Amino acid sequence: MTENRPTRTEEYALCRKKAAAWGILAAVLICAAAVSLIFTVIFKPLRVFDEGMSPMLEPNDVILVSRLSKYITRPVRGDAVAFKDKETGAVRIGRIVALGGEAVQIQNRRVYINGQLLDERTYVADFDCEDMESFTVPEGSVYILCDARSFATISPERAAIPCGDIIGVIVMRLAPIDRLNVFVRAR
């Protein structure tokens with residue numbers, strides 16, 4: 001009786017195929033773990049639901065928020081950020097206009113910081129908002145308004161957000177693909 005045993009060359013080829021399959025599986029698992037880590041720890045994808053940050057962001061845009069940014073640097077005036085609303089717990093987006101210890105005032109549809117007019121021409125298209133008496137932003141907080149001011153919460157108590165409630169800085173628009181954009185952080 002003749003046994004049909006594979007030759008050493010055939011055994012070696014079979015062993016190489018198995019090793020290659022395990023290598024591909026390991027690479028796929030490592031990539032999946034890396035993507036999972038990136039989108040759970042480093043970035044948070046969000047969908048925009050309103051026109052509050054128009055024209056920078058429109059409803060149904062998908063954005064990436066850098067969660068690490070709040071640990072690496074302090075908030076900067078002009079940063080577009082995602083934050084947790086203290087009343088509802090919902091995630092909101094807006095732009096930092098004043099920092100802790102600064103006096104913010106809205107007069108004749110313009111924002112003043114410590115009595116100086118804030119130049120917002122590069123990002124605010126809709127200056128239609130109510131006047132607000134001078135309010136000093138508490139230390140450890142920032143004052144956030146949306147770019148489309150007709151949607152803005154002008155109440156100092158609601159717009160002064162503790163820095164700990166900031167989720168991160170908006171760094172990229174992913175969708176729609178024809179509006180794909182990387183946002184440069186304010187300086």
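Visitor: Is Tyr143 buried or exposed?
Guide: In this predicted model, Tyr143 has a relative accessible area of 0%. Because the cut-off for a buried residue is under 20%, Tyr143 counts as buried.

Visitor: Which residues of the largest nonpolar core touch the most other members?
Guide: In soluble globular proteins, nonpolar side chains tend to be buried together. The largest nonpolar core here holds 17 residues, and the elements giving two or more residues to this core are β4 (91–99), β5 (103–107), β6 (110–113), β8 (132–136) and β9 (141–145). A second, separate core has 14 residues, among them Leu46, Met53, Met56 and Val65. In the largest core, the residues that touch the most other members are Val104, Val111, Phe135 and Tyr143.

Visitor: Which rings form the aromatic pair, and is the pair stacked, edge-to-face or tilted?
Guide: A search of the whole structure turns up one aromatic pair. The ring centres of Phe135 and Tyr143 lie 6.2 Å apart, and their planes stand at 50 degrees. Planes under 30 degrees apart would count as stacked and those over 60 as edge-to-face, so the pair of Phe135 and Tyr143 is tilted.

Visitor: How many residues apart in sequence are the parts that Arg173 and Asp61 tie together?
Guide: The side chains of Arg173 and Asp61 meet in a salt bridge, with 3.4 Å from N to O. Arg173 belongs to strand β11 (residues 166–175), whereas Asp61 sits in the loop between β1 (43–47) and β2 (62–66), so the bridge ties together parts whose separation in sequence is 112 residues.

Visitor: Are Arg173 and Asp61 buried or exposed?
Guide: The relative accessibility of Arg173 is 6%, and the relative accessible area of Asp61 is 2%. Because under 20% is the cut-off for burial, Arg173 is buried, and Asp61 is likewise buried.

Visitor: Which distant residue forms a salt bridge with Asp61 from the loop between β11 and β12?
Guide: The closest N and O atoms of this salt bridge are 2.9 Å apart. The pair links distant parts of the chain, since Asp61 lies in the loop between β1 and β2 and its partner in the loop between β11 and β12 (181–182), 118 residues apart. At 27% relative accessibility the partner counts as partly exposed, and this partner of Asp61 is Arg179.

Visitor: What distance separates the closest N and O atoms of Arg77 and Glu102?
Guide: Arg77 lies in the loop between α2 (69–72) and β3 (80–84) and Glu102 in the loop between β4 and β5, so their salt bridge ties together parts 25 residues apart in sequence. Arg77 is partly exposed at 26% relative accessibility, whereas Glu102 is buried, with a relative accessible area of 13%. The closest N and O atoms of this pair are separated by 2.8 Å.

Visitor: Which residues are joined into one network by salt bridges that share partners?
Guide: The whole structure contains four salt bridges. Asp61 bridges to Arg173 and also to Arg179. The network joined through shared partners therefore consists of Asp61, Arg173 and Arg179.

Visitor: Which residues does Ser54 touch, not counting those up to four places away in sequence?
Guide: Ser54 is placed in the loop between β1 and β2, and its relative accessible area of 17% makes it buried. Leaving aside residues up to four places away in sequence, Ser54 touches Asp147 and Ala148.

Note on methods:
Residues numbered from 1 in each chain as written. Predicted model: local features only at pLDDT ≥ 70, side-chain atom pairs only at ≥ 80, totals over all residues. Heavy atoms only, no water. Core = buried A, V, L, I, M, F, W, Y, C linked by side-chain atoms within 4.5 Å. Buried < 20%, exposed > 50% of the residue type's maximum accessible area, 1.4 Å probe, protein only. Helix = DSSP H or I, 4+ residues; strand = E, 2+ residues; numbered from the N terminus. Phe/Tyr/Trp six-rings, centres within 6.5 Å; stacked < 30°, edge-to-face > 60°. Contact = heavy atoms within 4.5 Å.
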